[in-house]
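This briefing covers three topics: the ligand shell, a pair of packed helices and one strand residue. The sequence and structure come first, and the notes follow.

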Amino acid sequence: MTFIPLSRPPVDDEIKRAVLDAIDSRQYVLGPQCRQLETELASATGVTHAVLTSSATAALWLTLRALGVKAGDEILVPSHTAFPTVEAICLAEATPVFVDTDEFYTMDLRDAEAKATPRTVGVVPVHLYGQPADLTAAQTLASRLGLWILEDCAQAQGAEWDGRRVGSFGRAAVFSFYPSKTLPAMGDGGAVLTVDDEIATRCRRLRDHGRVDRNVHAEVGFNLRFNELQAAALRVLLRRLDAMNDRRRALALRYVRGLAGLPLVLPGVRPHARHVYHLFVVQTPRRDELAAFLKARGIQTGIHYPVPTHRQAAVERFAPPPLPRTERLVEEILSLPISADHADGEIDRVVTAVRAFFGA
Ligand SMILES: Cc1ncc(COP(=O)(O)O)c(C=O)c1O
């Protein structure tokens, strides 16, 4: 019985050659590969600037600082996200205001509106699992209340809303290149995308010790730079992003057909959204039993995420109120294996096992 991983990053000769060439170049930090990748990423997303960073967490923190966030500012954020989205808000010394989830696992914009106060400065829609949040509602809310939008696209490179790439709707957006993501590096990596010249300049400066010239530091930043080996690999993969996402979408359809008729909630696709299935998440009250059943058959699953961010000890001081939908769904969600590199036969094996679990 061969093991089926939750995710499988791509590795092939073209990627290896690009990395070897970058090694031979003897330029390793923020060199020509990084500069070209920044241009290509910005153009692929339909924005004017991309600033590569060491991770999406770093990108979020840099952007929040560039947006001028300060202590006491409130930021609307879905609780149902990876902890780094919230962590960056805390690191920027702002207050995360936790918003409940909608039926597509993304921020409920009505709840966001209800939680806005005169101290609210921005909103962070997270395009979770590869599906855009309701960006039309987010834009309406932001323009009515004078808020900025920072899109968290860590899980959704290549996803679209109304035919336009996510990452091009807010004042700024962040990407993650963690190896399981839709645009995967061979390690950590991230980027800030923006059409705002000032935000781009500030993020560039802050990621490199606040430096404006070799020995001139205009402010205190940090080392959050990116590197040439990863950029070289990512340039190869960026050219394949649409094909890789089409492959994920085809596998998702294979799941939807294979799992039809079971007592299982399958991922819904929001009108206007092009979902890229970073994760394929199903819902069942028998989640833990199903996960154990699949594990015994060599199939890895995941829970994204078992403890909602507003229930983490790290944010206790904000005394977040209960979020009933988020708290309910974290008991039932299960991520099944998916990536551009999974074979049809692997998805079929997962489908057969899930059907066997339900006695179908
Ligand atoms: C929605 C979301 N935001 C932010 C991050 C942070 O990304 P990174 O691991 O690149 O720092 C992640 C990582 O999983 C994520 O899923």
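Two helices, α3 (56-66) and α4 (83-91), each contribute at least two residues to the shell around the ligand. The model is predicted. The shell comprises 15 residues, and the points below add its composition before turning to the other two topics.

**Ligand shell**
- Ser55, Ala56, Thr57, Ala154 and Ser176 come nearest to the ligand among the 15 residues around it.
- Sorted by class, the shell holds six nonpolar, seven polar and two charged residues.

**Packing of α9 and α12**
- Helix α9 spans residues 241-259 and helix α12 spans residues 344-357; they pack at an angle of about 25 degrees, with axes 10 Å apart.
- Because angles under 35 degrees count as roughly parallel, α9 is roughly parallel to α12.
- The two helices, α9 and α12, make a right-handed crossing.
- On the α9 side the contact involves Leu251, Arg254, Tyr255, Gly258 and Leu259, which meet Asp344, Ile347, Asp348, Val351 and Val354 of α12.
- Six nonpolar, one polar and three charged residues make up this contact of α9 with α12.

**Phe98 in strand β3**
- Strand β3 (residues 95-99) contains Phe98.
- Phe98 has 24 other C-beta atoms within 10 Å and is therefore buried, the cut-off being 20 or more.
- Apart from neighbours within four places in sequence, Phe98 is in contact with Val77, Ser79, Thr309, His310, Pro320 and Leu323.
- Leu62 lies 36 residues from Phe98 along the chain, and their C-alpha atoms are separated by 21 Å.

Technical notes:
Residues are numbered from 1 along each chain as its sequence is written. This is a predicted model: local features need pLDDT of at least 70, side-chain atom pairs count only at pLDDT 80 or more; totals for chains, interfaces and linings use all residues. A residue is near a molecule or strand if its C-beta atom, placed from the backbone, lies within 6 Å of it. Helices (H or I, at least four residues) and strands (E, at least two) are DSSP runs, numbered from the N terminus. Ala, Val, Leu, Ile, Met, Phe, Trp, Tyr, Cys and Pro count as nonpolar, Asp, Glu, Lys and Arg as charged, and the others, Gly among them, as polar. Axes are lines fitted to C-alpha atoms, for helices over the stretch in contact, and angles run from 0 to 180 degrees between N-to-C directions. Angles under 35 degrees count as roughly parallel, over 145 as roughly antiparallel, 65 to 115 as roughly perpendicular and the rest as oblique. A crossing is left-handed if the near helix is turned anticlockwise from the far one by less than a right angle, and right-handed if clockwise. Two residues are in contact if their C-beta atoms, placed from the backbone, lie within 7 Å. A residue is buried if 20 or more other C-beta atoms lie within 10 Å of its own, exposed if 12 or fewer, and partly exposed in between; C-beta atoms are placed from the backbone.
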